[in-house]
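Visitor: Please pick one part of this structure and go through it closely. I would like to see how that part fits with what surrounds it.

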Amino acid sequence: MKSNRGTILPRSFYEREDVVEISRRLIGKVLCSKKGNRFTSGIITETEAYCGRDDRACHANDGLRTKRTEVMYGPAGHAYVYLCYGIHHLFNVVTNKENIADAVLIRGVYPLQGIEIMKQRRNNTGKSKPLTSGPGMLSEALGIKTSDTCTDLTEGPIWIEDHDFKVDKSSIRSTPRIGVEYAGEHAKREWRFVTDQFIN
DNA sequence: CTAACGATTCGCT
DNA sequence: GCGAATCGTTAGT
């Protein structure tokens, strides 16, 4: 774990048809943002897959097409950012082909670059307070807002890089997704992926 | 127009 | 461990 720069993931990375596999493969990649000349990044440690068909946990389930979910029906590799609980901005990446609404929620990153900026945005005055270990927290730390929805992740100002960090396959656990009990049986699917490889 | 409800986080008990 | 905060989205009147 030493490189400072990576390759921006190409659209083809996001165009795969299996959103669960993309979710798994995003673990270890690096989420970056450059807002007003302030660069921040973190290694993705936790993701969740959401499928537009037969998945009651997904906002676009059963082809539900609204102003909010429209971006999920667009081409892969764009950001879907929405407001949760009136407070938190949750960041997803749109996957699969146009008109097929799949997405991966980024739930956690390991702070890599711009840590002071993240602490500032999080109003974290050096105290031992989680910085980027939750979907709302990481968006705040990286300066990602709902106005960033539809951002093309192959262009920026938000993008994902491959730094060639090798993630030990055995370190990636799969579990049911968080906070989607309303999805009934679908909530039991193990579509959440998390690694503890970068915890310290 | 109205109302119910979150893909969460934080602070306090 | 529990509950409040907080407001855009959604569906229904």
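Helix H4 and the DNA

Guide: A polar backbone atom of Pro-135 is 3.1 Å from a phosphate oxygen of DNA strand B. This is a predicted model, in which local features need pLDDT of at least 70 and side-chain atom pairs count only at pLDDT 80 or more, while totals for chains, interfaces and linings use all residues. Side-chain values use heavy atoms, leaving out hydrogens and water; residues are numbered from 1 along each chain as its sequence is written, with chains lettered from A and ligands numbered from 1 in the order in which they are written.

The distance at Pro-135 falls under the heading of polar contacts (pairs of N or O atoms within 3.5 Å; within protein, one atom must be able to donate a hydrogen and the other to accept it, and residues adjacent in sequence count only if both atoms are side-chain atoms). Met-137 brings a backbone N or O atom to 3.2 Å from a phosphate oxygen of DNA strand B. A side chain takes part as well: an N or O atom of the Arg-107 side chain is 3.2 Å from a phosphate oxygen of that strand.

Pro-135 belongs to H4, one of four helices in chain A, which also has nine strands (helices are DSSP runs of H or I with at least four residues, strands are E runs of at least two). Six of the eight residues of H4 are buried, leaving the helix mostly covered. Buried means under 20% relative accessible area, exposed over 50%, and partly exposed in between, using a 1.4 Å probe and protein chains only. The six are Pro-135, Gly-136, Leu-138, Ser-139, Ala-141 and Leu-142. Their cover includes strands S2 (30-35) and S3 (38-50), then S5 and S6, and also helix H3 (115-121). Just after H4 comes Gly-143, with a positive phi near 75 degrees.

Arg-107 ties several of these pieces together. This residue lies in strand S6, and it counts as buried because its relative accessibility is 13%. The side chain of Arg-107 also makes a polar contact with the side chain of Glu-46, at 2.7 Å. Leaving aside residues up to four places away in sequence, Arg-107 touches Glu-46, Thr-47, Glu-48, Ser-133, Gly-134, Pro-135, Leu-138, Ile-178 and Arg-192 (a contact is heavy atoms within 4.5 Å). Two residues of that list, Pro-135 and Leu-138, are among the buried residues of H4.

Now step back to the whole surface near DNA strand B, where near means a heavy atom within 4 Å. There are 22 residues around this strand, and Tyr-82, His-88, Asn-92, Gly-136 and Tyr-182 come nearest. Sugar and phosphate make up 54% of the DNA strand B atoms within 4 Å of the protein. H4 (135-142) supplies at least two residues of this surface, and so does each of the strands S4 (79-84), S5 (88-95) and S6 (102-113).

The other DNA strand, C, has its own surroundings: Leu-64, Thr-66, Arg-68, Leu-83, Tyr-85, Gly-86 and Ile-87. Of the atoms of DNA strand C within 4 Å of the protein, 75% are sugar or phosphate, and the rest belong to bases. A side-chain N or O atom of Arg-68 is 3.2 Å from a sugar or linking oxygen of DNA strand C. Gly-86 uses a polar backbone atom, 3.5 Å from a sugar or linking oxygen. Tyr-85 meets a base instead: a backbone N or O atom lies 2.4 Å from a base oxygen of DNA strand C.

Tyr-85 sits in the loop between S4 and S5. Its relative accessibility is 73%, so Tyr-85 counts as exposed. The phi of Tyr-85 is near 55 degrees, positive in a residue other than glycine. The loop between S5 and S6 holds Asn-99, another residue that is not a glycine but has a positive phi, about 75 degrees.

Following the chain past H4 leads to the loop before strand S7 (158-162), where Pro-157 is found. The peptide bond from Gly-156 to Pro-157 is cis, with omega near 10 degrees.

Finally, the setting of H4 in chain A as a whole. From the N terminus on, the elements run β-α-α-β-β-β-β-β-α-α-β-β-β. Along the principal axes, the C-alpha atoms fill a box of roughly 45 × 35 × 30 Å. Of the 200 residues, 53% are buried. Among contacts between residues at least 6 apart in sequence, 62% join residues at least 24 apart.
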